[in-house]
Amino acid sequence: MNEYPVNSLDDDDSAGWSAIDASLASLYGEQKPQHMGPLINYRLGGPDPLDGISAYYRAHPVPHWHYVTFGLSELYEKVQEDEQVSGYGFELTFRLRAIEGATEAPKWVFSMLQNLARYVFKTGNVFRPGEWMTANGPIALGTETRICSIAMTRDPELPALETPNGHLEFIQVVGLTLEEESAAKLWSPQHVLDTFLPRMPLWITDLERGSLMDDPALAAQMKAGMERDGSGNGFMYTEVLGVEQHKRLLRAPLTEVTLGARQVDELCSLLPLRIPFGRPFTLAGRDWQLQLEPGEACSVTMRDGSVAITMTPACAQDFARTMRPQAGRYQLDLLPTVSWIVQQTSIRDADGNIVTTIG
């Protein structure tokens with residue numbers, strides 16, 4: 001990406017861009033941001049979907065860089081049929097603690113935000129407040145930071161906009177450690193971020209910090225919240241999921257469910273925070289969906305491409321006590337018609353190399 005002037009087009013041609021600039025001017029006045037844009041526009045075949053990213057310097061509450069994207073909403077003429085929403089309906093922001101004495105915004109953030117936008121353009125999946133995503137390694141490649149995951153929330157200083165091209169929100173990307181990601185999955189990303197806010201002002205990402213979950217008082221506060229509210233995470237995708245059903249003489253069919261060890265570990269924590277609260281959970285694989293549903297009795301129902309297993313709260317607790325993230329075959333006392341087969345899970349890096357094995 002090369003630097004070029006911010007919004008050099010005529011205002012009539014870039015009404016959406018001008019609306020974002022006006023919102024930022026309310027925070028930063030006449031400050032000229034550091035701005036990066038693609039050498040070749042995405043619409044002309046370039047690889048970077050965002051038309052630009054601006055980075056503003058802030059001294060308070062701690063010195064940091066405030067990045068804002070341009071291109072997930074409609075910056076120029078209205079193209080989308082939905083008159084109420086501008087493009088994908090949001091722009092991304094990110095706040096990074098500044099290194100003392102640094103005068104340039106770190107370039108890796110520009111690449112990260114382009115990669116997130118590339119995912120949206122490729123899949124059509126939009127980011128919403130309260131979601132999370134693992135980075136499969138340090139959020140800043142080549143660093144020793146413990147920040148290896150991200151969560152999404154509304155930018156605390158940029159309210160939603162009504163532009164000439166429709167509505168848009170500013171969704172802030174917040175860096176988390178793996179321990180904090182686990183808490184976000186078990187409770188909810190927004191609850192976790194709200195709990196962190198007094199110690200993470202404006203949700204500024206600090207690459208040098210440790211995990212906030214290392215604080216016993218904060219960890220206890222999170223645990224109490226989970227037990228009170230249950231988990232807001234109702235879906236997980238897995239590479240390992242298989243289902244087979246075998247008929248048995250004079251007995252109900254036996255359903256064999258194959259899971260990966262990594263998913264078993266997560267399910268043991270999640271199900272007691274979902275089923276007793278009357279909330280279902282879906283585990284989706286390439287060929288099958290496993291739908292774990294709350295009910296008054298334990299049962300199994302085969303459907304086209306999916307299996308629905310109804311669990312009582314006691315059955316969910318039985319699952320958590322019995323199952324282990326170790327390869328083998330497991331049987332629940334309260335669900336004798338299901339046999340659970342656990343396989344090892346291999347964690348791979350971006351090049352496909354196995355970096356660790358679970359189970």
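Modeller: Let's start with a word we will need throughout: buried means under 20% relative accessible area, exposed means over 50%, and partly exposed lies in between (1.4 Å probe, protein chains only). Keep in mind that this is a predicted model, where local features need pLDDT of at least 70 and side-chain atom pairs count only at pLDDT 80 or more, while totals for chains, interfaces and linings use all residues. Residues are numbered from 1 along each chain as its sequence is written, and side-chain values use heavy atoms, with hydrogens and water left out.

Colleague: Thanks! What percentage of the residues of the protein count as buried?

Modeller: Of its 359 residues, 48% do. The C-alpha atoms fill a box of roughly 80 × 45 × 40 Å along the principal axes.

Colleague: And how many helices and strands does the protein have?

Modeller: Both are DSSP runs numbered from the N terminus: helices are H or I with at least four residues, strands are E with at least two. By that count the protein has seven helices and 19 strands.

Colleague: Let's take one helix. Which residues of α3 are buried?

Modeller: In α3 they are Glu 180, Glu 181, Ala 183, Ala 184, Lys 185 and Leu 186. These buried residues pack against β5, β6, β8 (166–177), α4, α5 and α6 (261–270), where contact means heavy atoms within 4.5 Å.

Colleague: I see charged residues in that list. How should I read them?

Modeller: As a general idea, side chains of opposite charge can pair when their charged atoms come close. We call the pair a salt bridge when a side-chain nitrogen of Lys or Arg is within 4 Å of a carboxyl oxygen of Asp or Glu. In this model, Glu 180 has such a bridge with Arg 209, at 2.7 Å from N to O. That pair links distant parts of the chain, with Glu 180 in helix α3 (residues 178–186) and Arg 209 29 residues away in the loop between α4 (189–196) and α5 (216–229). Glu 180 is buried, its relative accessible area being 0%, and Arg 209 is buried too, at 14%.

Colleague: With which residue does Glu 181 form a salt bridge?

Modeller: With Lys 185, at 3.5 Å from N to O. Both sit in helix α3, four residues apart, which is about one turn of the helix. Glu 181 counts as buried at 5% relative accessibility, and Lys 185 does as well, at 10%.

Colleague: Which side chain makes a polar contact with Glu 181?

Modeller: That of Thr 134, at 3.4 Å. A polar contact is a pair of N or O atoms within 3.5 Å; within protein, one must be able to donate a hydrogen and the other to accept it, and residues adjacent in sequence count only if both atoms are side-chain atoms. Thr 134 is found in strand β5 (residues 132–134) and is partly exposed, at 27% relative accessibility.

Colleague: How many salt bridges are there in the whole structure?

Modeller: The search finds 20. One of them joins Glu 157 and Arg 58, with the closest N and O atoms 2.7 Å apart. Glu 157 lies in the loop between β6 (147–154) and β7 (161–163) and Arg 58 in strand β2 (residues 52–58), so the pair ties together parts that are 99 residues apart in sequence. Glu 157 is partly exposed, at 25%, whereas Arg 58 is buried, at 16%. Arg 58, Arg 95, Asp 155 and Glu 157 are linked in a network of salt bridges.

Colleague: And what about Glu 91: how far away is the nearest side chain of opposite charge?

Modeller: It is Lys 78, 12 Å away, and Glu 91 has no salt bridge although it is buried. For charge, Lys and Arg count as positive and Asp and Glu as negative; His and the chain ends are not counted. Glu 91 belongs to strand β4 (residues 85–97). A polar atom of its side chain lies 3.1 Å from the backbone nitrogen of Leu 72.

Colleague: Last topic, the backbone. Where is the cis peptide bond?

Modeller: Between His 60 and Pro 61, with omega about -5 degrees; Pro 61 is in the loop between β2 and β3 (64–70).

Colleague: And is Trp 203, with its positive phi, buried or exposed?

Modeller: Trp 203 is buried, at 6%, and its phi is about 55 degrees although it is not a glycine. Leu 250 also has a positive phi, near 60 degrees, but Leu 250 is exposed, at 84%, in the loop between β10 (241–248) and β11 (251–260).
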